Amino acid sequence: MDETLAAKVIAEIAAVKKIPIERITVDSTFEELSMDSLDAMNLLFSLEEHFGVSIPDEAANSIKDVRSTVAGVERLLAEKSGAQG
Amino acid sequence: MVTGTGIVCALGLGAAECWGALREGQSGIRPIQSTDVSGLRFQNGAEVRGFRAEDYFESSRCDQMDRFAQFAVVAARQAVREAGFNLSPETHSIATPFGEACARIAVVTGTSMGGQTSLDRGFVAIYKEGRPRPHPFTIPLTMYNAGASQIAMDLGITGPAFTISTACASATHAIGQAFWMVRSGAVEAALCGGSEAPFSPGILRAWEAMRVVTPDVCRPFSRDRKGLTLGEGGAMLFLETAERAAARGAKVLGEVVGFGMSADAGHLTLPSVDGPVAAMRSALNDAGMAAVDVGYINAHGTGTLANDATETQSIRRLFGTHAEKLAISSTKSMHGHALGAAGAIEAFATLMALSEGILPPTVSYTEADPECNLDVVPNIARARPVEFALSNSFAFGGLNAVLALRRWEGN
């Protein structure tokens, strides 16, 4: 896992959920962070803006924790750079 | 019976402050500060000052509510507190004060434009900033029922809850429906009223384009009037049956005794004489009142050339010679035209006028207009005990709603 990317995703979660960064690790689940569906929707929007990617609806429904979120963003960024390359 | 009132408007952040301003004839119309008005033909508005959402809501909840919904909830909380229910001071929200009765209480809210300031912000993101999509909360922020939904969530009310949108008559239609639901026994109590927050660049320009907003301040019934002044805010009433109020030992503030409505079925924006006459007559009939019983009318009184002259004709036609004895005022001269909240703010003003025996004035009045030749209580409030009053709301689209209210003397 890209640690820098993970840190950026965690920072986005902290901003969206308005909680301290220290409370979030790559192993945190959305449930543990008390993130409901609106919070998750808000997070995906922030990630799309921050990373310039488009997260499809199917992926949005399956993301339930920090690790899978980071992995998803990593994959989208790779696809983006591949498409550009 | 009205046992609680809540109000947030340009005159203040609560009932005492707002009534104080109404009684003193103080206007809340000032230069608009919350949004960019450069290049607009008007610069004045009746904005709510000193309202900080974070004083009332957790930060994450602030993000989930447009300003119009925040006003609705804050006014609803005030009304419920005044009605004698305890809200949880710790959480400052989700208070569920009603226990088992929560399913027998209704929430009926009015709004003309809902959360369109949030939609406006979203459109700026798309069309101006070139972003692919607006914030994902745009839909739940914008929806017209957000006020009713947020009140229900906040106070744990699980009974019938819905929103009425009839432009400038929205809150009056909402209070009227709630009144009928309580009177019919469909519910035991209801929170009802309206809220509005229309100060965004796009919405202000849409109003400018209609050429009904004054570049000055609104001067209802005055010969030199040039149009309305937009306002914002929210007001809610807690209505309950006389039996329920008595059983709780609640203090009654006044009574809604009748409701009438009509459609002009005429011009899209020009008012008619007949439509308002029909609505006022219907409210009197619903209350079992005669025209001569009425002592005060809180007029729709927008300050446009067309409304004020036509409303005068309507009142003269319905009341005949009794029109000479009526006191009529437009409190919009102080709290501005808060559109879908206006009817609730004015119902509050009317209830207070009845209970205090003081009729709020039409301020900024400079010159008599032969076309508006009624006693409009110019500039200074008048001490006059009145038992029955009407509160008029006439919407663009020709939809008219009128409440009949009565002073309560039983406490």
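Helices here are DSSP runs of H or I with at least four residues, strands are runs of E with at least two, and both are numbered from the N terminus. With that in hand, let's walk through the hollows of this predicted model, in which local features need pLDDT of at least 70, side-chain atom pairs count only at pLDDT 80 or more, and totals for chains, interfaces and linings use all residues. As for bookkeeping, residues are numbered from 1 along each chain as its sequence is written, chains are lettered from A and ligands numbered from 1 in written order, and side-chain values use heavy atoms, with hydrogens and water left out.

A word on confidence. The model scores ipTM 0.81 and pTM 0.94. Chain B averages a pLDDT (the predictor's confidence in each residue, from 0 to 100) of 95, and 98% of the residues score at least 70.

Now for the pockets. On a 1 Å grid over the protein atoms alone, a pocket is an open set of points with protein on both sides within 12 Å along at least five of seven lines, while a cavity is a set where a 1.4 Å probe fits but cannot get out; lining residues have an atom within 4 Å of a point. Points are joined across faces, edges and corners, and a volume is the space filled by probe spheres set on them.

The largest pocket holds about 570 Å³ of space. Its lining takes in 28 residues, and nearest the centre you'll find Asp66(B), Thr117(B), Ser118(B), Arg121(B) and Leu141(B). Two or more lining residues come from each of α3 (67–82), α4 (116–128) and α5 (138–142) of chain B, with α4(B) giving the largest share at six. The mix is eleven nonpolar, nine polar and eight charged, where Ala, Val, Leu, Ile, Met, Phe, Trp, Tyr, Cys and Pro count as nonpolar, Asp, Glu, Lys and Arg as charged, and the others, Gly among them, as polar.

Next comes the second largest pocket, at about 450 Å³. Of its 22 lining residues, Ser37(A), Ala40(A), Met41(A), Leu44(A) and Ala60(A) sit closest to the centre. α2 (37–51) and α3 (57–62) of chain A, along with α5 of chain B, each supply at least two lining residues. The largest share, six residues, is from α2(A). This lining has twelve nonpolar, five polar and five charged residues.

Finally, look for the closed spaces: there are two cavities of 30 Å³ or more. The largest cavity has about 50 Å³ of space. Around the largest cavity are Val16(A), Lys18(A), Asp39(A) and Asn42(A), together with Ser60(B), Asp63(B), Gln64(B) and Phe137(B).
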